[in-house]
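Please open the model in your viewer and keep the sequence panel in sight. We will go from stop to stop, selecting a few residues each time.

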Amino acid sequence: MPIHRNLALLISRPRFVAAVAVLAFAVVLASNLILKMDRGFDFTDEAFYLMLAQRPAEYDLVLGLFSYAIRPLYLLAGESVSAFNRLGAVILAGLGVSLGWAVVTRLKLSWRDPDAILIAGTALLAPFLYYTYWLPTPSYNWLVLVAGWMLALGLVLLESLPVVSAFTAAFAIAVALFTRPPNVMAYGAIYLVGVLCAFPGNRARLVQLGHTILFGLCFLVVLAASLPLGTMLNQINGYFVVFGGSHPNPFSMRDQQTEFLRDGWVWWASGGLLLVCMFARCSGRTVIARWGELIALFAIRAGPANSDSSLSGFSA
């Protein structure tokens with residue numbers, strides 16, 4: 001027994017030091033990115049986002065309604081481009097920390113546990129990987145990520161805080177309304193599957209879905225009362241008159257998914273590893289869970305190094 005205890009202590013100390021180092025690394029990277037968001041500017045897409053954020057109701061047609069969702073953030077930032085970018089990054093950081101806290105609480109881990117520290121570091125850093133492939137200005141893609149991260153938080157809280165989960169999921173779907181209908185249907189279907197898996201009885205499932213629908217209706221009422229619905233309908237109609245039901249930039253969804261599986265293998269492979277670690281911990285196989293998160297985090301961090309970054313102007 002003393003030998004076993006000493007061996008466990010010998011292994012635990014390096015893991016704790018490595019976990020703290022990873023967390024500090026994540027904090028430094030996130031902070032450095034936020035500080036440097038006043039550098040560089042893209043005169044095509046980024047200018048387009050800012051024009052829509054400034055005057056979303058003054059265009060005859062728009063590609064999506066995301067401008068009405070990002071305008072409050074733009075005003076909150078004092079119409080400053082750098083503050084607007086930083087506010088979007090801070091929101092992502094907050095969602096990441098919230099999801100990490102929910103996972104650690106759900107697993108009943110002590111904050112001194114190396115696994116809890118690794119989860120916190122991973123959750124903090126993961127949302128910022130969005131900036132590897134897109135512009136720093138909040139936009140349609142940013143809203144999709146925010147809604148998805150909130151949905152993930154709602155799924156984690158399903159069993160422990162079902163009412164909070166319903167509120168979070170409803171808010172996530174309300175945010176997704178400003179993107180595209182397929183996103184709303186996809187997020188709704190994912191949450192429905194989560195409810196079916198989390199609750200064993202139909203009564204509990206119906207209660208949870210009822211809470212979610214009730215919160216969703218409340219959000220819809222607030223949005224309907226605060227948004228210029230007539231103008232939005234005219235803009236949507238103007239879009240259909242010009243483009244019909246197609247996207248102005250034709251692309252194949254199948255080709256996009258194939259390209260992601262081929263070029264972004266680090267992302268889905270690391271995500272699969274994290275999922276395996278979660279199930280391993282739940283089943284008592286702690287060896288896999290202890291080291292899997294660390295491997296996945298370093299793989300995710302090293303993966304984008306070989307790809308072109310949209311933040312090349314921020315590296316100076």
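Is A152 buried, partly exposed or exposed? Select A152 to begin; this residue sits in helix 6. Its relative accessibility is 25%, and because buried means under 20% and exposed over 50%, A152 counts as partly exposed. Bear in mind that you are looking at a predicted model. Now add G194 to the selection: 42 residues separate A152 and G194 in sequence, while their C-alpha atoms are 9.9 Å apart in space.

**The whole chain**

Zoom out and colour by secondary structure. You will find 13 helices and 0 strands. Read from the N terminus, the order of elements is α-α-α-α-α-α-α-α-α-α-α-α-α. The chain has 316 residues, and 38% of them are buried. Of the contacts with a separation of 6 or more, 70% are between residues 24 or more positions apart.

**Helix 4 with helix 6**

Select residues 81–106 for helix 4 and residues 140–156 for helix 6; the two pack at an angle of about 15°, with axes 9 Å apart. Helix 4 and helix 6 are therefore roughly parallel to each other. The crossing of helix 4 past helix 6 is left-handed.

Show the side chains where they touch. Helix 4 brings G88, I91, L92, L95, G96, S98, L99, A102, V103 and R106 to the contact, and helix 6 brings W142, L145, V146, W149, M150, A152, L153 and V156. You will recognise A152 from the opening stop among the residues of helix 6 here. By class, this contact of helix 4 with helix 6 holds 14 nonpolar, 3 polar and 1 charged residues.

**Helix 4 with helix 5**

Keep helix 4 on screen and add residues 114–125, which are helix 5; the axes of the two helices come within 7 Å and cross at roughly 155°. That angle makes helix 4 roughly antiparallel to helix 5. Here the crossing is right-handed.

Which residues meet at this contact? From helix 4, look for A93, G96, V97, G100, V103 and V104; from helix 5, look for A116, I119, A123 and L124. The contact of helix 4 with helix 5 divides into 8 nonpolar, 2 polar and no charged residues. G96 and V103 of helix 4 are worth highlighting, as they take part in this contact and also in the one with helix 6.

**Helix 2 and helix 3**

Next, select residues 45–54, helix 2, where E46, A47, Y49, L50, L52 and A53 are buried. Helix 3 and helix 4 are included in what covers these buried residues of helix 2. Move on to helix 3, residues 66–76, and pick out its buried residues: F66, S67, Y68, I70, L73 and Y74. After helix 3 comes G78, with a positive phi near 70°.

**Aromatic rings**

How many aromatic pairs are there? The count comes to 8. Start with F48 and Y49, a tilted pair with 5.9 Å from centre to centre and 55° between the planes. F48 has a relative accessible area of 34% and is partly exposed, whereas Y49, at 6%, is buried. Then go to F128 and Y131, another tilted pair, 6.3 Å centre to centre with 40° between the planes. Both F128 and Y131 are buried. Finally, select F167, F171, F215 and F219 together, which form one aromatic cluster.

**Helix 7 with helix 8**

Select residues 162–176, helix 7, and residues 181–198, helix 8; they pack at about 165° with their axes 9 Å apart. Helix 7 and helix 8 are therefore roughly antiparallel to each other. Helix 7 passes helix 8 in a right-handed crossing. Their contact involves S165, A166, A169, I173 and A176 of helix 7, together with V184, Y187, G188 and Y191 of helix 8. These residues of the contact of helix 7 with helix 8 comprise 7 nonpolar, 2 polar and no charged.

**Last stop: Q208**

Click on Q208 in helix 9, residues 202–226. Is Q208 buried or exposed? With a relative accessibility of 2%, Q208 counts as buried. Setting aside neighbours within four places in sequence, its contacts are L158, P162, S165, A166, Y191, V195 and F199. Among them, S165, A166 and Y191 also belong to the contact of helix 7 with helix 8.

Key
Residues are numbered from 1 along each chain as its sequence is written. This is a predicted model: local features need pLDDT of at least 70, side-chain atom pairs count only at pLDDT 80 or more; totals for chains, interfaces and linings use all residues. Side-chain values use heavy atoms; hydrogens and water are left out. Axes are lines fitted to C-alpha atoms, for helices over the stretch in contact, and angles run from 0 to 180 degrees between N-to-C directions. Helices (H or I, at least four residues) and strands (E, at least two) are DSSP runs, numbered from the N terminus. Angles under 35 degrees count as roughly parallel, over 145 as roughly antiparallel, 65 to 115 as roughly perpendicular and the rest as oblique. A crossing is left-handed if the near helix is turned anticlockwise from the far one by less than a right angle, and right-handed if clockwise. Contact means heavy atoms within 4.5 Å. Ala, Val, Leu, Ile, Met, Phe, Trp, Tyr, Cys and Pro count as nonpolar, Asp, Glu, Lys and Arg as charged, and the others, Gly among them, as polar. Buried means under 20% relative accessible area, exposed over 50%, partly exposed in between (1.4 Å probe, protein chains only). Rings of Phe, Tyr and Trp (its six-membered ring) pair if their centres lie within 6.5 Å; planes under 30 degrees apart count as stacked, over 60 as edge-to-face and the rest as tilted.
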